[in-house]
Amino acid sequence: KAVTNELGFTVTATKLVRNLPTENKDDDEEVIVLGVSVSTDGTYTGGPGAGDLRILNDVSKEFIKTYTISEKELTDLGYPPLPSFDSPEVGSPNVGYVAFAIPKDSKSLTLRLKQSETRIIGGGTIAAKDFDIKLTD
């Protein structure tokens with residue numbers, strides 16, 4: 001399941017792990033881990049990172065990356081985090097995992113890639129837009 005934004009970056013959801021065991025969550029929360037791959041066609045530099053990704057649940061509420069589980073704890077559990085500030089290169093995607101804390105009763109999950117308004121060097125802009133990938137029904 002993949003989506004490509006207008007800047008030529010493709011985000012692919014590679015794995016979804018639900019109910020990650022962690023001590024640092026509220027009783028009404030579930031921590032999920034999403035494996036992602038971020039690739040580029042080389043048109044623009046930069047690229048989306050964990051901060052540009054959201055999870056939407058059944059009621060379309062957006063959830064950002066959680067900090068209730070540390071990057072070390074994620075790595076120790078076998079889920080190395082998605083690199084935050086490294087630009088992917090053509091043919092060499094950034095690969096890793098992002099953790100989200102969502103309500104326990106969430107059933108339908110969607111990954112949202114948020115594209116901020118982008119000014120193009122030399123003039124012009126690309127509008128802000130959301131790109132969604134349905135993860136579960």
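## The sheet

Strand 3 (residues 29–40) and strand 6 run antiparallel to each other and pair over ten bridges. Strands here are DSSP runs of E with at least two residues, numbered from the N terminus, and two strands count as paired if DSSP finds at least two bridges between them. For a spot to click on, take Val33: its bridge partner in strand 6 is Ala99.

That pairing belongs to an open, antiparallel sheet of four strands, in the order 1-2-3-6. The edges are strand 1 (2–4) and strand 6 (94–103); each has a single partner strand, so one side of each is left without a neighbour in the sheet. From one strand to the next, the twist averages 25°, with axes taken as lines fitted to C-alpha atoms and angles running from 0 to 180 degrees between N-to-C directions.

## What sort of model this is

Bear in mind that this is a predicted model, in which local features need pLDDT of at least 70 and side-chain atom pairs count only at pLDDT 80 or more, while totals for chains, interfaces and linings use all residues. Residues are numbered from 1 along each chain as its sequence is written, and side-chain values use heavy atoms, with hydrogens and water left out.

## Salt bridges around Arg112

Now for the charged side chains. Counting a salt bridge as a side-chain nitrogen of Lys or Arg within 4 Å of a carboxyl oxygen of Asp or Glu, the total comes to ten.

Glu62 and Arg112 make one of them, with their closest N and O atoms 2.9 Å apart. Glu62 sits in strand 5 (residues 62–63) and Arg112 in strand 7 (residues 110–115), so this pair ties together parts that are 50 residues apart in sequence. Arg112 is buried at 15% relative accessible area, whereas Glu62 is partly exposed at 29%; buried means under 20%, exposed over 50%, and partly exposed in between (1.4 Å probe, protein chains only).

Arg112 also meets Asp130 in a salt bridge, at 3.6 Å from N to O. This one links distant parts of the chain too, with Asp130 in strand 10 (residues 129–134), 18 residues from Arg112 in strand 7. Asp130 is partly exposed, at 35%. Through shared partners, salt bridges join Arg54, Glu62, Arg112, Lys114, Asp130 and Asp132 into one network.

## Lys65 and Glu71

Another pair worth a look is Lys65 with Glu71, a salt bridge whose closest N and O atoms are 3.6 Å apart. Lys65 counts as buried at 18% relative accessibility, while Glu71 is partly exposed at 42%.
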